[in-house]
Amino acid sequence: MTTPFCPAYPTPRKSKASLLLMFFSARRSWLDALYERSYAMQMGEVHLPGMDLYMVNDPALVRRVMQDEAADFPKSPQTGEALGPLLGESIFTTNGAQWQRQRQMMNPAFAQARLNVAFPAMREATADMLARLAQLPDGAEYDVEVEMTHVTADIIFRTIFSQPMGGEDARRIFEAFARYQALAPRLMLPSVYGVRWLVWPWDTWRSRRAAREIRGLLEKLIRPRFEAYCAGRPTGDVDILQAFMEARDEATGAPFGFEELVDQVAMLFLAGHETSASALTWALHMLANAPDIQERMVAEHREVVGERAPQNGDMKQLRLAWNVFRETLRLFPPVGFVAREATKACPMRGKQVQAGATIVVSPWLIQRHRNIWPQPDVFDPDRWDDEASRESQRQGYLPFGMGPRVCLGAAFALQEATLILSSLIARYRLSAVPGHVPQPVGRLTIRSANGVRLRLHRRAAC
Ligand code: HEM
């Protein structure tokens, strides 16, 4: 019996920090602002200059905010403020009737039938990833975050545009996104803390410039397709861009205009690769420290897929790979918190929450909550097949959010991650680099401050 692996995470403070300390810790990583009780409390509160903030862990309250009374708790305006220059009026940040219309128009692009069409793109991008890894010397030490970002960006690029991310424009989009992502938390946190004046104008300028560059490049790719479609000469590509151009508002029959189309594509590129890349990177880190699970995954891959090309239908049968990913999303949920605004005063656990207060729901805290999960910090993919943990799963698992704003790409993400993890482990044995301990930091997603370096050892063919 091997010892279960417990990945490192920032040691929480013993007690609540002062506001100033909390702000400066959170500027580096919002995980550093948490304290021990954050992982055991039902609800916490922080009163900031000009803002009341409530952190909600109680499963009943979470359901109320995210699901049962979701209309009274729309997305907080801070989300839109920081991401606005890039995402414009995208589904991720809009509210009310505008969001409802966008969601209705975008749903068909993520239906199961479309996922089946997307699978070959996932398989080709995964094969290209394996070809890139094959260039490395056997046993090489490698930062897997770089590759996980590349392969997931390639997959979403192919599914949107029906072309691989090999060209010069794609490379420039990718680089500008990396710059934008690095700056996003520096703009978002002061906004959440009500101290926008602490944002450096230089950061704002650089972020806006990256956003303009990304949008310009995306427009260059979308414009010819849009014009051809409007002129009645569609290219025949069956991809997300096509689905978005065909989408019609149920009430008026109107399609997306060009600007709104660019907003949705920019959002999808960001939401569709940053999150999956983060989770896959942590999955590989934990697998490198759980050799027994790797061996079971190899056996599973050989039994289900063998030497042939993986098929869409295989994914549900790769049960262990699937569970590894679900467990990773529990321990390292890429979207570590979501923020909502209380639009009217309401009672919560005996407190009177005022209209305008920010309600934060944190999958990071809830999925490691001491009262919900047994051995909350242990990496244990088998808990997903354990009847005894059904209640924990029901009460305390929401990596894709919950209710009407639940992630549109959840099935897409589970499918690509199962394919990538199972294919990679079937080819390579991963081992940890002695002395290298990845340090989780809460930025746009949960990333590692010092990368995730592993050794990749080629496996002999069976
Ligand atoms: C492991 C990967 C992913 C995770 C953990 C994740 C997580 C989330 C979460 C938590 C939300 C809800 C945010 C909130 O309630 O404020 C969300 C929304 C969304 N996600 Fe994902 N996501 C992932 C992958 C993807 C992918 C691959 C796509 C698209 C291909 C996608 C598209 C979206 C969209 C469009 C929304 C906005 C839905 C709405 O507001 O109606 N996500 N995601």
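Let me start from a single pair of residues: the bridge partner of M55 is V360, which sits in β7. That bridge belongs to a model that is predicted, so a word on how it was treated: local features are described only where pLDDT is at least 70, side-chain atom pairs count only at pLDDT 80 or more, and totals for chains, interfaces and linings use all residues. The numbering runs from 1 along each chain as its sequence is written. When I say helix or strand, I mean a DSSP run, H or I of at least four residues for a helix and E of at least two for a strand, numbered from the N terminus.

Strand β2, residues 51–56, and strand β7, residues 358–361, run parallel and are joined by four bridges. Both strands belong to an open sheet of four, in the order β1-β2-β7-β4, with mixed pairing, where two strands pair if DSSP finds at least two bridges between them. At the edges are β1 (43–48) and β4 (338–341), each of which pairs on one side only. From one strand to the next the twist averages 25°. Helix α2, residues 59–68, packs on this sheet and touches β1, β2, β4 and β7, while its direction makes about 115° with that of β7; here a contact needs C-beta atoms, placed from the backbone, within 7 Å of each other, and angles run from 0 to 180 degrees between N-to-C directions, with axes fitted to C-alpha atoms, for helices over the stretch in contact.

Now to another open sheet, this one of three strands in the order β3-β11-β8, with antiparallel pairing. Its edges are β3 (140–143) and β8 (428–432), and because each has a single partner strand, one side of each is left without a neighbour in the sheet. Here the twist averages 40° from one strand to the next. On one side, β3 pairs with β11, residues 453–458, over four antiparallel bridges; A140 has L456 as its bridge partner in β11, and Y142 stands opposite L454. On the other side, β8 and β11 run antiparallel and are joined by five bridges, with A432 also standing opposite L454 of β11.

Let me turn to the helices, beginning with α8, residues 201–230, which packs with α10 at an angle of about 120°, the axes being 10 Å apart. The two helices are therefore oblique to each other, a word kept for angles that are not under 35 degrees (roughly parallel), over 145 (roughly antiparallel) or from 65 to 115 (roughly perpendicular). The residues that meet are I214, R215, L218, E219, I222 and F226 in α8, and F258, L261, V262, V265 and A266 in α10. By class, this contact of α8 with α10 holds nine nonpolar, no polar and two charged residues; nonpolar here means Ala, Val, Leu, Ile, Met, Phe, Trp, Tyr, Cys and Pro, charged means Asp, Glu, Lys and Arg, and the others, Gly among them, are polar.

Helix α10 also packs with α15, their axes coming within 11 Å and crossing at roughly 35°. This contact is made by T275, S276, A279, L280, A283 and L287 of α10, together with A413, E416, A417, I420, L421 and I425 of α15, and it divides into nine nonpolar, two polar and one charged residues.

There is a further contact on α15, with α11, residues 291–304: the two pack at an angle of about 100° with their axes 9 Å apart, and that angle makes α11 roughly perpendicular to α15. Q294, M297, V298 and H301 of α11 contribute, along with S422, I425 and A426 of α15. In this contact four residues are nonpolar, three are polar and none is charged.

I will finish with the ligand. Which residues come nearest to the ligand? Of the 24 around it, they are G272, T275, G401, C407 and G409, where being near means that the C-beta atom, placed from the backbone, lies within 6 Å. The elements that give two or more residues to this shell are α10 (258–288) and α15 (410–427), and α10 supplies the largest share, six residues. By class, the shell has 16 nonpolar, five polar and three charged residues.

How values were computed. Contact = placed C-beta atoms within 7 Å.
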